[in-house]
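Hi,

Here is the model I promised to pass on. Have a look at it first, and my notes follow underneath.

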Amino acid sequence: MSVLLEMSMFPLEGSGSKSAFVAKIIDQIDQSGFAYKLTPMSTVVETSTMQEALSLVEQAYECLEECERVYACLKFDIRKNREDGMHQKVASVQKKLNRPINA
């Protein structure tokens, strides 16, 4: 099973860059051992179960729980009989284009 989680999470208080908060979450995801990809707008993580994905969301929130208000946006793509969906989905588009893409 492949659970792709696209997640954005950061505190709403304060002004300016939120990258220090995002870095805390990325460090936590990196330490989890799950495959992930940081993009300018979100992070995509692949787990084997929904429970693992939801646990990562909870751990990400724990990185920010001292904040007064936290914004989170989550999307899931859950597919049985698939592994390495993060790469398979990109490869499928590349195959249809018959060329590599910048992903």
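A word on terms before the layout: helices (H or I, at least four residues) and strands (E, at least two) are DSSP runs, numbered from the N terminus. This is a predicted model, so local features need pLDDT of at least 70 and side-chain atom pairs count only at pLDDT 80 or more, while totals for chains, interfaces and linings use all residues. Residues are numbered from 1 along each chain as its sequence is written, and side-chain values use heavy atoms, with hydrogens and water left out.

On to the overall picture. The elements run β-α-β-β-α-β-α from the N terminus on, which comes to three helices and four strands. Along the principal axes, the C-alpha atoms fill a box of roughly 45 × 30 × 20 Å. The accessible surface is about 7,000 Å², and 53% of that belongs to carbon and sulfur atoms (areas are from the Shrake-Rupley method with a 1.4 Å probe; for residues, only the protein chains shown count as cover). Of the 103 residues, 27% count as buried; buried means under 20% relative accessible area, exposed over 50%, and partly exposed in between (1.4 Å probe, protein chains only). Taking contacts (heavy atoms within 4.5 Å) between residues at least 6 apart in sequence, 70% join residues at least 24 apart.

I spent some time on helix 2. It covers residues 50–64, 15 residues in total, and reaches 22 Å from its first C-alpha to its last. That is close to the 21 Å expected at 1.5 Å a residue (the expected span being 1.5 Å times one less than the number of residues). Its buried residues are A53, L56, V57, A60, C63 and L64. Seen down the axis, the buried residues of helix 2 fall within an arc of 115°, so they line one face (the arc is that of the directions from the helix axis to the C-beta atoms). Q51 and E58 are exposed on the other side of helix 2. What covers the buried residues includes strand 1 (2–11), helix 1 (19–32), strand 3 (43–47) and strand 4 (70–79).

Last, how many disulfides are there? With a disulfide taken as a pair of cysteine sulfur atoms within 2.5 Å, the count is zero. C63 is in none, and the nearest cysteine sulfur, that of C67, is 10 Å away. C73 is in none either, with the sulfur of C67 the nearest at 18 Å. C63 is buried, at a relative accessible area of 17%, whereas C73 is partly exposed, at 35%.

Cheers
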